[in-house]
Every structure is written in C-alpha cells, then in structure tokens.
Amino acid sequence: MLGRALPGPEKFIWPVFLREGKGIDEPLRALPGQARMSADVLVKKLDPLVADGLGGVLLFGVVDESLKDAYGTAAYDSGGVVQQALPIIKYAHPHLTVFTDVCLCAYTDHGHCGPLDKAGQVDNDAALELLQKIAVSHAQAGADGVAPSAMMDGQVQAVRSALDHAGAHNTLLMSYSTKFASSMYGPFREAEQSAPSHGDRQGYQAAYSDLNTALRESVLDEAEGADILMVKPALFYLDVIQRLREKTELPLAAYNVSGEYAMLIAAAERGDGDLRAMVRESIAAIQRAGADIIISYWANRYREMFGA
Ligand code: PBG
Ligand code: ZN
C-alpha cells in the first residue's frame, strides 16, 4: 500500500511570529491568515490545532526597532520575546514540539544575520558566538529544538557544542542545511521586519545554480551533529529534497516559505485557480519528494485545506 497522498497534521510545523506583550494579534498584509501574536494569543490559537494533532511550531521573535542594535543583543536576552513566550507555550501545550529560529537578522539594526566587521561584511566567527548564546537561552527557556538559520559556516557544530556544554543534550537541532538565496522570502521579511538595510544574503545563503555545493553542505551538517536536515524553499527545490532524501537517514524537513504561500493565495484571488486544490497538490508534491516534516503557513489552516 502506498503512503497517504496527503500528510497528516502531525507532519506539519507552523511558523509563527511572536511579539512581546498581551492580546496582540496583528494580521499580516503579505501573509493572509497569519499574524504577529503575543504568547497568550498564540496559545489560544493553538488549542484547536493541537487537538487536531499539529506536529509543532517554529517561533520567530519580532522586536521593536528601538530594541535592535549592531549585535542583536535582544536575541539572547533571557527576558527576550522568545525566551518569555516559551514557558507560556510549553505550560499550555506540554506535548507540542516547540522549535525556535536561531538567527540575528530580526534583532540587528542593519538586518544581517550576524554582526558586521570593520569592512561592513558579516563576521562569521563573531556570529557563531552569538548564535550559541541564543540557542542556549532558548533551550534553557524550554525549547524542544532549535533551528539555526543564519547560514554561518560551522553553525551546527558551534550550536551543538554550546547546547551540550549547557547540559541541553536532548535539545533537537534542526539545521537549515540547504537554504537557498531565494526571491521567495519577501512576505516573511515584511512580517519579521528583517530585510537587510544594505546588500543581500547571497554571501551566506546557497546559490540555486549550484546543486552539488548545496548537497555537500547539507551532508556536512549531518556530520556536525544535526538531528534534522531542512531544504528551503520547498516547491522550487523538490529535486533537492529528493536528492537529499537519498543521501541521509536523518528526518528531512521542507520549508514551504512565505512567498510560496502568498503565491497561491494571489493566484486564487485573481480567480486563476482553486486555493484548496492548489494547496493540496503542492503539499502532496513536497511529501512525494521525500519530506518527513513540512514547515508551512498552511499548518494553522489544516482543516480548511486538508479536512474532509
Ligand atoms: C532569516 C529567515 C528567513 C526566513 C526564515 N528565516 C528570511 C531570509 O533568509 O531572508 C524565510 C521564511 C519564509 O519566507 O517563510 N533568518
Ligand atoms: Zn537571519
């Protein structure tokens, strides 16, 4: 018997944008159906989703411009937005797997994923130290897993060793092992207010023209101690998902990114396709390519899109 054509809700991880405070629920223009939320609002929205069997969430912190600085200090503050939210979410939903994004771009005033050196380039090694601090602070606040997304060289090994040092041996490490410099992250950058103020991320994200380098880097992440590998984006990279599936025994996640979500909504709004049918077909494709875990903004709309 072949597997199910469509993945069950337990295969989905819902990416969410977290704000500090209470009662905050700001809809996002670029991501209809998604919002920036405070932890109390998120916990309530999770009630029916957890009851339906949602696999997990991936938390992205959003802070006011006034909290941003050159080093992204707010990202590793023990009283920061993600660190404060974790115990609230885990208390309300103890069996939900909670991952956190580990990066600096939403916390630096220049919007890059690491601090800059004197020449204005991202300083890889300085970034590693900060990523370690972020990951440990998330683990200590109760994260089940961390997902370093800065794409710095050596980030998996640096984060794994910092977690182990802090006694967080069981904290899962989901590596954005193959993250392409993509044009499909636009709506997310608006949601996160994390667009780089100058330059782009091509220096640290993979080039889509070079499949072999991308696959090699993924396999390196496995050797560095990743527990889960990830391909991102998903729909334009189904070949990469399939190729990586053949190269690793680790669970493989695919990140169905913001632009992929917004694209289908836009087509449906123009009357050019049935949203539910397009969503189902695209998610079936991601599963068919070999993804075990699907990180997707459709996760909180599971019933609407995949229900009977
Ligand atoms: C940045 C980050 C990005 C996404 C997840 N983490 C944007 C980027 O790399 O510019 C994109 C996710 C999405 O588009 O849904 N660390
Ligand atoms: Zn980043």
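**Exercise 1. How many salt bridges does a search of the whole structure find?**

Solution. This is a predicted model, in which local features need pLDDT of at least 70 and side-chain atom pairs count only at pLDDT 80 or more, while totals for chains, interfaces and linings use all residues. Residues are numbered from 1 along each chain as its sequence is written, chains are lettered from A and ligands numbered from 1 in the order in which they are written, and side-chain values use heavy atoms, with hydrogens and water left out.

Step 1. The criterion is a side-chain nitrogen of Lys or Arg within 4 Å of a carboxyl oxygen of Asp or Glu.

Step 2. Searching the whole structure with it gives 13 salt bridges.

**Exercise 2. Describe the salt bridges of Glu26, Lys68 and Glu304, with the accessibility of each partner.**

Solution. Relative accessible area under 20% means buried, over 50% exposed, and in between partly exposed (1.4 Å probe, protein chains only).

Step 1. Glu26 pairs with Arg19, and their closest N and O atoms are 2.8 Å apart. Glu26 is partly exposed at 25%, whereas Arg19 is buried at 18%.

Step 2. Arg19 and Glu26 also belong to a network of salt bridges that links them with Arg36 and Asp64.

Step 3. In the pair Lys68 and Glu65, the closest N and O atoms are 3.2 Å apart. Lys68 is buried at 9%, but Glu65 is exposed at 54%.

Step 4. Glu304 and Arg301 meet at 3.0 Å, N to O. Glu304 is partly exposed at 45%, and Arg301 is buried at 16%.

**Exercise 3. Which nearest side chain of opposite charge does Glu192 have, and how far away is it?**

Solution. Lys and Arg count as positive and Asp and Glu as negative; His and the chain ends are not counted.

Step 1. Glu192 lies in helix H5, residues 186–192. Helices (H or I, at least four residues) and strands (E, at least two) are DSSP runs, numbered from the N terminus.

Step 2. The nearest side chain of opposite charge is Arg36, 6.9 Å away, and Glu192 is buried without a salt bridge.

Step 3. Leaving aside residues up to four places away in sequence, Glu192 touches Phe17, Phe60, Gly61, Val62 and Ala106. Contact here means heavy atoms within 4.5 Å.

**Exercise 4. Which protein atoms are donors of the zinc ion (ligand 2)?**

Solution. Donors are N, O and S atoms within 2.8 Å of the metal (3.2 Å for Na, K and Ca); water is not among the atoms, so sites may look incomplete.

Step 1. The protein donors are the SG atoms of Cys103, Cys105 and Cys113, at 2.2 to 2.3 Å from the zinc ion (ligand 2).

Step 2. Along the chain, the donors follow the spacing C-x1-C-x7-C. Cys103 and Cys113 both lie in the loop between strand S5 (97–102) and helix H3 (124–141), so the pair ties together parts that are ten residues apart in sequence.

Step 3. Cys103 is buried at 4% relative accessible area, and Cys113 is buried at 1%.

**Exercise 5. Which residues of helix H4 are buried?**

Solution.

Step 1. In H4 (residues 155–165), the buried residues are Gln155, Val156, Ala158, Val159, Arg160, Ala162 and Leu163.

Step 2. These buried residues pack against H3, strand S6 (145–148), strand S7 (172–179) and helix H6 (211–224).

Step 3. Gly167 follows H4 and has a positive phi, near 85 degrees.
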